[in-house]
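User: Hey, could you walk me through this structure? I'm new to this, so plain words please.

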Amino acid sequence: MHVSFHVEPQWLIFAAGLFVGSAAAAAIAYAFLRQQLVSTEASRAKSKASRSYSPRRVRARRGDTHEHENGVSSSQTRSNGQVASVLQGSLDVADAAVSPRRAAAARGDVTEDEWTQGHRPDPLAAIKTARHVEEGSAASKPVHAVRVSGDRSNHGAQEPLKKASGAAVSAPAPPYAVSTAYAPHSIPAYAHQAPPPAPPPAHTLSTAVDLMNTGKIIEDAALLDQYCRVITPEPAINEETEEVCALLQQCYALRDKWLFTARVCPAEQHPGLQEAAAPSHINGDPFEWEPQPVAPFDFEMQDGVFRVYDDAAHTSEPFPVPGNSFDFFSDMSRMCKIAAMGPIKSFCHHRLMLLEQKFNLHVMLNADKEFLAQKTAPHRDFYNVRKVDTHVHHSACMHQKHLLRFIKSKLRKEPGEVVIFRDGKYLTLLEVFESLNLTGYDLNVDTLDMHAGKESFHRFDRFNLKYNPFGQSRLREIFIKQDNILHGRFLAELTKEVLVDLEASKYQHAEYRISIYGRKQVEWDILAAWYCQNKLYSDNVLWLIQLPRLYNLYKEQGIIENFEQLLDNIFHPLFEVTRDPNSHPQLHLFLKNVVGLDMVDDESRQERRPAKHMQTPAEWNLKHNPAYSYYAYYIYANLYTLNKLREARGLNTIAFRPHAGEAGDTDHLVSAFMLCENIAHGINLRKSPCMQYLYYLKQVGLCMSPLSNNSLFLDYHRNPFPTFFARGMNVSLSTDDPLMIHLTKEPLVEEYSVAAQVWKLSATDLCEIARNSVLHSGFPHQIKMHWVCASYWKPGPDGNDVHKTNVPNLRMRFRYDCHSEELNLVMSGAAAHEVCRHAKSRE
């Protein structure tokens with residue numbers, strides 16, 4: 001069978017074209033691939049030639065050194081001319097476009113190592129050179145040469161360099177630059193350079209001496225502002241930002257207007273004063289009485305405030321209060337309105353977040369350096385630095401097991417002691433326990449029932465009931481009250497045992513807060529007699545007076561008639577003993593160890609914010625309690641005048657350090673910002689970015705107690721303490737109520753331990769918090785010089801001694817730089833706004 005196909009001519013033409021096109025494409029591809037292969041071979045040859053004539057390989061071929069030997073000193077390298085002669089004719093390989101460093105070496109301008117040192121300066125070179133010279137001058141000290149590693153993941157790591165011919169090898173410059181001058185919001189030149197090549201892996205320092213030298217270099221560099229820091233660009237300043245800065249500056253100035261400050265700073269008040277290791281080294285015997293002259297002043301109360309006069313006619317007032325109640329409530333209302341403005345909130349929140357991120361980056365870049373710097377402080381670690389429990393209530397200063405052991409001891413040794421008068425008869429200690437159907441064998445921590453658990457969360461009334469041992473108020477009066485039929489003997493003995501435990505730790509100190517209620521003036525004499533007769537002085541302890549805000553309770557019981565009577569009961573004995581110490585000698589001795597005045601009660605209660613025109617204390621005869629800020633102003637005003645009078649007599653002053661911001665409205669924090677030296681708690685600052693930023697700018701102290709807050713108002717994981725600390729706020733840790741909260745013999749260390757574990761605080765963090773607690777405390781000037789620094793009041797590293805605080809100067813420099821930048825930003829914005837306002841007014 002014959003089959004035939006008929007193909008059209010156009011199909012044949014198409015097939016031929018397709019064949020010819022494929023052949024042409026294949027030829028083009030072959031030519032391109034061949035050209036690429038030739039180029040690759042040329043590049044490899046060029047790279048090989050470059051490596052062959054590198055200075056290191058040239059020196060190796062001459063036999064000067066091994067090819068892979070690093071860190072060659074200047075005495076071991078050949079002269080520039082010799083290197084240039086070897087590389088002559090190789091400029092086509094090592095040209096400026098390929099390697100500027102090698103091209104410079106080939107031209108004989110500079111050696112390869114000198115080019116690196118000239119273009120990448122070492123900011124620590126001068127310090128390291130000085131230290132090497134100083135160590136080399138002493139025959140008994142060996143010379144240690146170190147090389148800074150360029151590994152950014154391990155800052156501060158160094159490795160020993162090899163020595164040649166017995167001489168120390170000079171340290172080459174690090175492969176990255178460090179900011180060497182304080183220039184906020186500027187971008188360094190090296191930020192635009194190409195990243196350096198990866199350095200060889202760093203080795204561990206072999207000896208403790210190397211570690212010490214490294215830490216000293218880091219500390220000296222921090223003093224000169226030489227450390228790895230994050231420099232942010234200056235924010236864009238517009239009209240709104242300038243107005244925000246101006247409003248913040250107004251709030252900033254209000255604290256300067258109202259806050260009591262000493263007449264002169266510590267440096268001017270005590271020039272050339274020597275340090276003291278303990279308060280007793282300053283004042284001598286705390287119970288030695290010497291008659292004192294009467295001051296030529298008179299005083300009387302007007303509108304709830306004691307006024308001091310220096311003439312009989314009461315016309316000259318040497319110590320006026322900065323303003324009356326109308327002025328204060330007007331300023332407070334103004335600040336509350338500013339804090340509620342939207343632009344203010346946005347600006348402050350942004351700056352606070354930026355501060356937090358700066359700290360996180362600082363830790364990433366410098367944590368290892370801070371750790372090495374801490375090694376320079378002999379005998380210092382977290383356990384051997386001073387820590388002050390700045391917020392602890394005396395009635396709950398012991399732990400549960402201690403109180404239980406004391407109660408069982410007294411029940412066993414003194415069962416027949418008459419301890420209370422109840423229901424028309426006197427009862428012995430044994431009869432009291434028999435009336436409660438309790439024996440010594442029945443007593444344990446569970447029946448004591450003084451630990452604050454879940455049932456007390458957001459229930460301040462239940463928390464206060466935990467002060468009653470075994471749930472009985474009569475046992476509270478017997479064991480933890482100083483005004484009772486025993487004249488507080490049991491409480492005094494218990495306090496002495498606590499003081500012995502505190503003194504045994506040596507580096508732990510406390511400021512106990514004890515109550516004056518204001519029901520009668522004699523309360524001060526009763527408290528002072530209890531203190532002096534039982535000799536409750538300790539070098540580790542100072543005292544604060546806490547004033548419970550219980551006017552409504554006393555009014556309901558008919559104890560007082562109006563609020564002015566409460567103020568008179570509190571402050572009249574203080575003015576009297578200050579003017580004439582002979583009138584209350586024991587109170588005069590006790591006040592030498594009183595450093596602060598506290599104001600306590602449940603802040604979560606609803607209250608009406610005071611208006612500008614409020615009733616005077618004499619007119620306040622209502623049954624309900626005045627607001628927090630009403631209490632705060634009148635306590636502050638009387639304390640301000642009292643401190644001026646005590647300062648004029650050369651006596652110690654008493655700071656206003658109340659509870660504030662644990663709960664309630666933010667106006668508590670506003671009034672505390674204006675009137676108080678530092679505050680207890682302050683956790684509500686997390687709700688107000690403006691107030692938080694202002695507290696940061698003025699570095700107002702916050703004595704925080706996270707474990708106490710966890711039992712009463714705020715879960716531990718939600719506590720803002722780590723956030724406040726990262727942002728640079730002036731925070732410290734305190735225990736508040738060890739009897740209800742803590743379980744160990746050292747509650748302050750327990751507080752630090754839990755915080756360190758939960759929030760992953762480093763040793764530097766813990767020591768910084770401990771340093772803050774010393775500055776928050778009221779210990780004398782000479783004591784703080786001994787514990788912190790001879791010039792502890794200065795900001796930054798100038799006010800820190802790592803050998804006393806174990807806080808590296810690197811950390812203090814970072815805190816100081818961040819605070820200075822924020823303060824400069826606000827003040828420059830406020831100044832620009834003022835210039836614009838004046839310009840518009842002229843138009």
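Analyst: Sure, let's begin with a pair of tyrosines. Tyr 633 and Tyr 636 sit about one helical turn from each other because they are three residues apart in helix α23. Helices here are DSSP runs of H or I with at least four residues, strands are runs of E with at least two, and both are numbered from the N terminus.

User: Where do these numbers come from?

Analyst: This is a predicted model: local features need pLDDT of at least 70, side-chain atom pairs count only at pLDDT 80 or more, and totals for chains, interfaces and linings use all residues. Residues are numbered from 1 along each chain as its sequence is written, and side-chain values use heavy atoms, with hydrogens and water left out.

User: OK, back to Tyr 633 and Tyr 636. What kind of aromatic pair do they form?

Analyst: A tilted one, with 6.4 Å centre to centre and 50 degrees between the planes. To pair, rings of Phe, Tyr and Trp (its six-membered ring) need centres within 6.5 Å; planes under 30 degrees apart are stacked, over 60 edge-to-face, and the rest tilted.

User: Is Tyr 633 buried or exposed?

Analyst: Tyr 633 counts as buried, at 3% relative accessibility, and Tyr 636 is buried with a relative accessible area of 3%. Buried means under 20% relative accessible area, exposed means over 50%, and partly exposed is in between (1.4 Å probe, protein chains only).

User: How many aromatic pairs does the structure hold?

Analyst: There are 42 aromatic pairs. One of them is Trp 258 with Phe 328, which is edge-to-face at 5.7 Å centre to centre and 80 degrees between the planes. This pair links distant parts of the chain, as Trp 258 is in helix α8 (residues 239–258) and Phe 328 is in helix α11 (residues 325–339), 70 residues apart. Trp 258 is buried at 0% relative accessibility, and Phe 328 is buried at 0% too.

User: Changing topic: which residues touch the most other members of the largest nonpolar core?

Analyst: Leu 248, Tyr 512, Ile 545, Phe 571 and Tyr 695, out of 176 residues in that core. Helix α23 (residues 628–648) gives the most to this core, with 13 residues. A nonpolar core is a set of buried Ala, Val, Leu, Ile, Met, Phe, Trp, Tyr and Cys residues joined through side-chain atoms within 4.5 Å.

User: What does Leu 248 touch?

Analyst: Leaving out residues up to four places away in sequence, Leu 248 touches Ile 344, Phe 347, Cys 348, Cys 690, Tyr 693, Leu 694 and Val 826. A contact means heavy atoms within 4.5 Å. There is also a second, separate core of 13 residues, which includes Val 774, Ile 783, Met 785 and Cys 789.

User: Why do those side chains gather?

Analyst: In soluble globular proteins, nonpolar side chains tend to be buried together.

User: And the whole protein, how much of it is buried?

Analyst: Of its 843 residues, 50% count as buried. Its secondary structure comes to 33 helices and 15 strands.

User: Any odd backbone angles?

Analyst: Lys 535 has a positive phi of about 50 degrees although it is not a glycine. Most residues other than glycine have a negative phi. Lys 535 is in the loop between α19 (523–533) and β9 (541–548), and Lys 535 is exposed, with a relative accessible area of 54%. Asp 736, also not a glycine, has a positive phi near 70 degrees. Asp 736 counts as buried, at 3% relative accessibility.
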